Amino acid sequence: MQHIQYIELSAETPLETGREYGKAAKDKILAGIEDYKKLLPGAHGKTWEEIRELAMSYVPLLEEEMPEELEEARGIAEGCGADFADVMVLNTRYELTKLPKPSECTTA
């Protein structure tokens with residue numbers, strides 16, 4: 001049985017919050033990335049690099065509409081030692097599987 005991990009954060013900025021969270025949830029975040037590396041390419045006929053590029057295509061929209069959330073995602077990548085593009089795949093997984101091109105974000 002899996003348990004929900006409770007993580008208490010004390011950071012004051014979105015980037016610092018992301019770093020704290022990334023460090024605290026490192027194992028789960030990296031495991032999620034590894035799972036998607038196996039799942040998404042086969043299911044969607046794209047390479048992992050193509051999937052990462054598509055996820056990164058959401059960055060301009062997020063910079064404009066949700067800059068604090070984007071900074072937090074950058075901090076998560078730094079905190080867990082993952083590439084930012086891989087963290088973006090996790091954060092845009094719905095869009096990557098359901099929408100043909102960037103127009104919205106589930107983080108909203």
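What is the volume of the largest pocket in this structure? Before I answer, let me say that what we have in front of us is a predicted model, and that everything I describe today should be heard with that in mind. The answer is that the largest pocket has a volume of about 200 Å³.

Let me start with the chain itself and come back to that pocket afterwards. The secondary structure comes to 7 helices and 0 strands, so that reading along the sequence gives the pattern α-α-α-α-α-α-α. Of the 108 residues in the chain, 34% count as buried.

As for confidence, the mean pLDDT of the chain is 88, with 89% of the residues reaching 70 or more. Confidence is highest in helix 5, residues 67-80, where the mean is 97, and lowest in helix 7, residues 93-98, where the mean is 82. As a general caution, where pLDDT is low, the predicted coordinates should not be read in detail.

Now, back to the pocket. Its lining is made up of Tyr21, Lys28, Ile29, Gly32, Tyr36, Ile76, Val87, Leu90, Asn91 and Arg93. Helix 2, which covers residues 26-44, and helix 6, which covers residues 84-91, each supply at least two residues of this lining, and the largest share, 4 residues, comes from helix 2. Sorted by class, the lining of the largest pocket has 6 nonpolar, 2 polar and 2 charged residues.

Next, the aromatic rings. A search of the whole structure finds 0 aromatic pairs, but there is a ring with a charged residue set over it: Arg74 lies over the face of Phe84, at 4.5 Å from the ring centre.

Finally, I would like to look at two prolines. Pro41 lies in helix 2, the helix that gives the pocket lining its largest share, while Pro60 has its place in helix 4, residues 59-65. Which of them is buried and which is exposed? Pro41 counts as buried because its relative accessible area is 19%, and the cut-off for buried is under 20%. Pro60 counts as exposed because its relative accessible area is 51%, where the cut-off for exposed is over 50%.

For each proline we can also name a residue 10 positions away along the chain. Pro41 and Ile51 are 7.5 Å apart in space, C-alpha to C-alpha, whereas the C-alpha atoms of Pro60 and Leu70 are separated by 9.8 Å.

Conventions: Residues numbered from 1 in each chain as written. Predicted model: local features only at pLDDT ≥ 70, side-chain atom pairs only at ≥ 80, totals over all residues. Heavy atoms only, no water. 1 Å grid on protein atoms, 1.4 Å probe; cavity = no way out; pocket = protein on both sides within 12 Å on 5 of 7 lines; lining within 4 Å. Points joined across faces, edges and corners; volume = space filled by probe spheres on them. Nonpolar A, V, L, I, M, F, W, Y, C, P; charged D, E, K, R; others polar. Phe/Tyr/Trp six-rings, centres within 6.5 Å; stacked < 30°, edge-to-face > 60°. Lys NZ or Arg CZ within 6 Å of the ring centre and 35° of its normal. pLDDT = per-residue confidence, 0-100. Buried < 20%, exposed > 50% of the residue type's maximum accessible area, 1.4 Å probe, protein only.
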